[in-house]
Structures are given as structure tokens and as C-alpha cells.
Amino acid sequence: AKGLGKNQQCLYTEEMGVQEVRKMELEKDLQRALELKEFFIVYQPKWNVKSNRLVGFEALIRWNHPRLGIISPLEFIPIAEETGLIIPMTRWTLEEACKQCRAWKDRGIVQPVSVNLSIRLFHGDNLLELVRNVLDKAELDPHLLELEITESMVLHDVNDIIRQLENIRALGVKVSMDDFGTGYSSIGLLDRIPIDALKLDRLFTNDLDTPSKRAIINAIVLMAENLNLDVIAEGVENKEHIDFLTGLGCHVMQGYYYGKPMDIDEIDVWMYEQDHK
Ligand code: C2E
Ligand code: CA
Ligand code: CA
Ligand code: CA
């Protein structure tokens, strides 16, 4: 048994080694991924169940690594944040998403697109300027752009972030609070942070089994209503989720049930299918 233990120890450190090596490789390759045009964006539909209509898309970044294939943002966004690359990367994502939104609009598909922000953007040069420039360049109506922030962001420098968000919203851009209810709680700040919507994290949607879990979602939806915030449920995967959420008065949903994140060609097919249902 002792010998086996030693073996396992050995395998374990080797395994760690593989992960370390991968991270180092990604770190190095990420530097040039932007100029090599290895990123692309997928779009996930947001659906209003009440009106039975598409109400927007969320832009989600992907990295097509030449050797390792498609890499999840969960793996490379933290590296991009560490290295500061998140700033040019987000600028690119904003530009792409706004260009695409404008292209859809020109085809009569008028749908807002949302882009995820990282905290680093609020500490960088000038987020307001960046957003304004990107909108100008794409000649996009600011009302068609939404920015998604997370709770943990607002816990630091609350006043500064509130000020920046107010300026951005004054342009007409919408702001939503992503992953609401997970991680650090910003509940005591919700009446001060200038946002338009709460996105209910998919951990809630996927955990409706107990009455107490349901009570928490119920409370969040009621609170949002009273604060005049829209609620978007994430991770909606089946009828049971939809029935429960609509029962609570939550009508806007995002999840695999309605559509996975898709590239623009897949989105065209998806939209055609919706029109011919
Ligand atoms: P998020 O903003 O919460 O995005 C939603 C994630 O949930 C996406 O994962 C999406 O594919 C996944 N998802 C959507 N519907 C379902 C469902 O029904 N079931 C399940 N199990 N999952 C679902 P993705 O695209 O891998 O993105 C992961 C996270 O990476 C995002 O979480 C966001 O925090 C971050 N991210 C993605 N793109 C960007 C970006 O351009 N910039 C920044 N800063 N972060 C990004
Ligand atoms: Ca998001
Ligand atoms: Ca989310
Ligand atoms: Ca999330």
C-alpha cells in the first residue's frame, strides 16, 4: 500500500506539471492571439417567454488555439486579467459585437447585444471613452449595447464604479448585473448601483429541488421588481425551469433550452428556424 501511495503522489505531481505547462503555454500564446486573429465570438439568444420573442444576444468570446483547439473563456480570461491583455481583448470584443449588432440591424434584425466586462476595464484608461469610440466606429445606437458586470466588481471602489456606470448609462447603454446571487453579495448596494437588470445565476436555475431554494429565487425576483430591475434567468435547460420561473414572474431566459452560444452562421440558421416554427 505504501508503494502505491508513492506512485500516486508521483502521478499527482506529474499531473500538476501538465497543468502548469499548459498555463505557461497559454500565457505565452495569448500575447499574440489577438493579432493572429485567433479569437471569435459566439452569441447566445435571450428569449422572452411571455411575448415568445427573441430579445437580445450575449456575446461570449472563444479562443481557437492553433494546436490546442477551442479554449473556454473560463480558462483564458483569468490569464488575460493577470497579464492586462484583458483590456485590448475587451476592446476587440466590444468592436466585434457592435459591428455584428449593426450588421444585424441593417438586415432588419434589431436586437441588443451584451458584452461581459472585467474589473480591469474600470481601472484602465477611460472606459467611457472606449465605449463611446466603439459605438461611434460601428455607428451603433447606444441603446443596442448592454454591458454585463459582476457583483464582486462593485465591492471595490464603489463610488468610482457608480460614477463610471452613470456616465456610461447616460450614453444610453444598458448595464446588467451578471451571476447575481453568487460569490460576494452586493445586495446592500443594489439601490445605489445604476443598473437595468439582474441576471440570475444558473446555479439557482439548476437547483430548484427544495422549497428553500425556490424561496430564495422568489425573493430575488420580487426584490428586482420593486427596484424596477429586469430579471434574466441564466442556464435555462428544460421545461421545469421555464414553468417555475414564469410562475414567479420571471419571463426573460437564456440557456441551452432556447439556444446555445453560436457563431454567426449558426445564428442565421437558428433565426431561420425560429421564423419557421
Ligand atoms: P457568463 O457571463 O455567466 O456566461 C454564461 C455562461 O453559461 C457561458 O459560458 C454559456 O455558454 C453558459 N451557458 C449558457 N446557457 C447555459 C445552460 O443552459 N447550461 C449551462 N450549463 N451553461 C450555460 P462560457 O461562454 O463558457 O463563458 C463562461 C464565462 O466566461 C462567462 O460567464 C463570463 O464570465 C466569461 N466570459 C465569456 N466571454 C467573455 C468576454 O468576452 N469577456 C469577459 N470579461 N468574460 C467573458
Ligand atoms: Ca455574462
Ligand atoms: Ca452569468
Ligand atoms: Ca457565470
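A residue is called buried when its relative accessible area is under 20%, and by that cut-off C101, with a relative accessible area of 1%, is buried. This threshold will return several times in what follows, as the text moves through a predicted model from its cysteines to its calcium ions.

Confidence comes before detail. The protein averages a pLDDT of 92, and 94% of the residues score at least 70, while for the complex the predictor gives an ipTM of 0.97 together with a pTM of 0.93. Some caution remains in order, since where pLDDT is low the predicted coordinates should not be read in detail.

How many disulfides does a search of the whole structure find? The search returns zero. C98 takes part in no disulfide, and the nearest cysteine sulfur to that of C98 belongs to C101, 6.8 Å away; seen from the other side, C101 is likewise in no disulfide, and its nearest cysteine sulfur is that of C98, at 6.8 Å. Because a disulfide requires the two cysteine sulfur atoms to lie within 2.5 Å, the separation of 6.8 Å between C98 and C101 does not qualify. C98, like C101, is buried, with a relative accessible area of 1%.

The calcium ions offer a second route through the chain. The calcium ion (ligand 3) has as its protein donors D178 (OD), D179 (OD), E234 (OE) and E234 (OE), which lie 2.1 to 2.5 Å from the ion, and along the chain these donors follow the spacing D-D-x54-E. The site thereby links distant parts of the chain, with D178 in strand 6 (residues 174-180) and E234 in the loop between strand 8 (230-233) and helix 10 (239-247), 56 residues apart. Are these two residues buried or exposed? D178 has a relative accessibility of 6% and therefore counts as buried, and E234, at 11%, also counts as buried.

The two aspartates of this site also reach other calcium ions. D178 coordinates both the calcium ion (ligand 3) and the calcium ion (ligand 2), which are 3.9 Å apart. D179, which lies in strand 6, bridges the calcium ion (ligand 4) and the calcium ion (ligand 3), and these ions lie 3.7 Å apart. The calcium ion (ligand 4) is itself coordinated by D179 (OD) and D179 (OD), at 2.9 to 3.1 Å. These distances fall within the 3.2 Å allowed for a calcium donor, and because water is not among the atoms, sites may look incomplete.

Notes:
Residues are numbered from 1 along each chain as its sequence is written. Chains are lettered from A and ligands numbered from 1 in the order in which they are written. This is a predicted model: local features need pLDDT of at least 70, side-chain atom pairs count only at pLDDT 80 or more; totals for chains, interfaces and linings use all residues. Side-chain values use heavy atoms; hydrogens and water are left out. pLDDT is the predictor's confidence in each residue, from 0 to 100. Donors are N, O and S atoms within 2.8 Å of the metal (3.2 Å for Na, K and Ca); water is not among the atoms, so sites may look incomplete. Helices (H or I, at least four residues) and strands (E, at least two) are DSSP runs, numbered from the N terminus. Buried means under 20% relative accessible area, exposed over 50%, partly exposed in between (1.4 Å probe, protein chains only).
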